[in-house]
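Please open the structure in your viewer and keep the selection tool at hand. We will go from stop to stop, with something to pick at each one.

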Amino acid sequence: MNISACTVSKASPLLLSLLLAAGGAHAQLSSPLPAGSGKPAAGKATPAPLGSIDLPAGQGAGVHGANSPFAPLAPRGDVVPWSVLTDVKTKNEKNRILPVFNESQLGMNGKVQRIQGFMMPLEPGKKQRHFLLSSVPLTCSFCLPGGPESMVEVKTRTPVDYSMEAVVVEGRLQVLHDDSYGLYYRINDAVTVK
């Protein structure tokens, strides 16, 4: 089921923050596949941590699925690759999951960057000033496309038209160490670019 801009825009900020926080815990999921195997064990369904099994490429949170009705992002040399943004470790501190950024990510903090992704509206209407940009399109109203490492909060200089196609935004990137909504990145004063 595809989500409409209307459905997402009606979500309360509290619900959105809960959904984002839940997406941050995706590494704790389990699978019925045994570790190191691409197929289930005969007669057994022993859960294994998701990170310890060999999943085929293109599966899991934050990865564009082969069955998606939307085309994957076209490669561009003028944008920060999602592989750089999503390469974030985490740590548990005082009952919170906090990001641990690498030097590459920290080096982008406060600098103008371009990021390509799919819009997740946070406001009603065709014109958007505040939205999330995701590495993969949102295709289910009950599922997040990935964790906070695969989303960037965007606040634009002027309203932009909502699009279900991929967009590129440019603005000053903030690397967020302890955001109240659980986000890892934000772009302020953004504009869209072709």
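The tour visits some strands, then some rings, then some charged side chains.

Before you start, note that this is a predicted model, in which local features need pLDDT of at least 70 and side-chain atom pairs count only at pLDDT 80 or more, while totals for chains, interfaces and linings use all residues. Residues are numbered from 1 along each chain as its sequence is written, and side-chain values use heavy atoms, with hydrogens and water left out.

**Stop 1: the strands**

Select residues 112–121, strand β5, together with residues 127–134, strand β6. Helices (H or I, at least four residues) and strands (E, at least two) are DSSP runs, numbered from the N terminus. Two strands pair if DSSP finds at least two bridges between them. Here β5 and β6 pair in the antiparallel sense over four bridges. Pick Pro 121 and you will find its bridge partner, Phe 131, in β6. Now move to the hairpin of these strands, with five residues between them, where Gly 125 takes a positive phi near 105°.

Next, add residues 151–161, which make up strand β7. Strands β6 and β7 run antiparallel and are joined by seven bridges. Click on His 130 to see it opposite Lys 155 in β7.

**Stop 2: the rings**

How many aromatic pairs does a search of the whole structure find? There are two. Rings of Phe, Tyr and Trp (its six-membered ring) pair if their centres lie within 6.5 Å; planes under 30 degrees apart count as stacked, over 60 as edge-to-face and the rest as tilted.

Show Phe 101 and Tyr 184, an edge-to-face pair at 6.1 Å centre to centre, with 85° between the planes. These two residues are 83 apart in the chain: Phe 101 is in the loop between β4 (96–100) and α4 (103–108), and Tyr 184 is in the loop between β8 (167–175) and β9 (185–193). Phe 101 is buried at 10% relative accessibility, and Tyr 184 is buried at 4%. (Buried means under 20% relative accessible area, exposed over 50%, partly exposed in between, with a 1.4 Å probe and protein chains only.)

Keep Phe 101 and add Tyr 185: this pair is tilted, at 5.7 Å centre to centre and 55° between the planes. Because Tyr 185 belongs to strand β9 and Phe 101 to the loop between β4 and α4, the pair ties together parts 84 residues apart in sequence. Tyr 185 is buried, at 0% relative accessibility. Show Phe 101, Tyr 184 and Tyr 185 together to see the cluster linked by ring pairs.

**Stop 3: the charged side chains**

A salt bridge is a side-chain nitrogen of Lys or Arg within 4 Å of a carboxyl oxygen of Asp or Glu. By this rule the structure has nine salt bridges.

Select Asp 78 and Arg 114, whose closest N and O atoms are 2.8 Å apart in a salt bridge. Asp 78 is partly exposed at 33% relative accessibility, as is Arg 114 at 24%. Then add Glu 170, which forms a salt bridge with Arg 114 at 2.7 Å between the closest N and O atoms. Since Arg 114 lies in strand β5 and Glu 170 in strand β8, this pair ties together parts 56 residues apart in sequence. Add Arg 76 as well, and you have a network of salt bridges linking Arg 76, Asp 78, Arg 114 and Glu 170.

Finish with Lys 127 and Asp 161, a salt bridge with its closest N and O atoms 2.9 Å apart.
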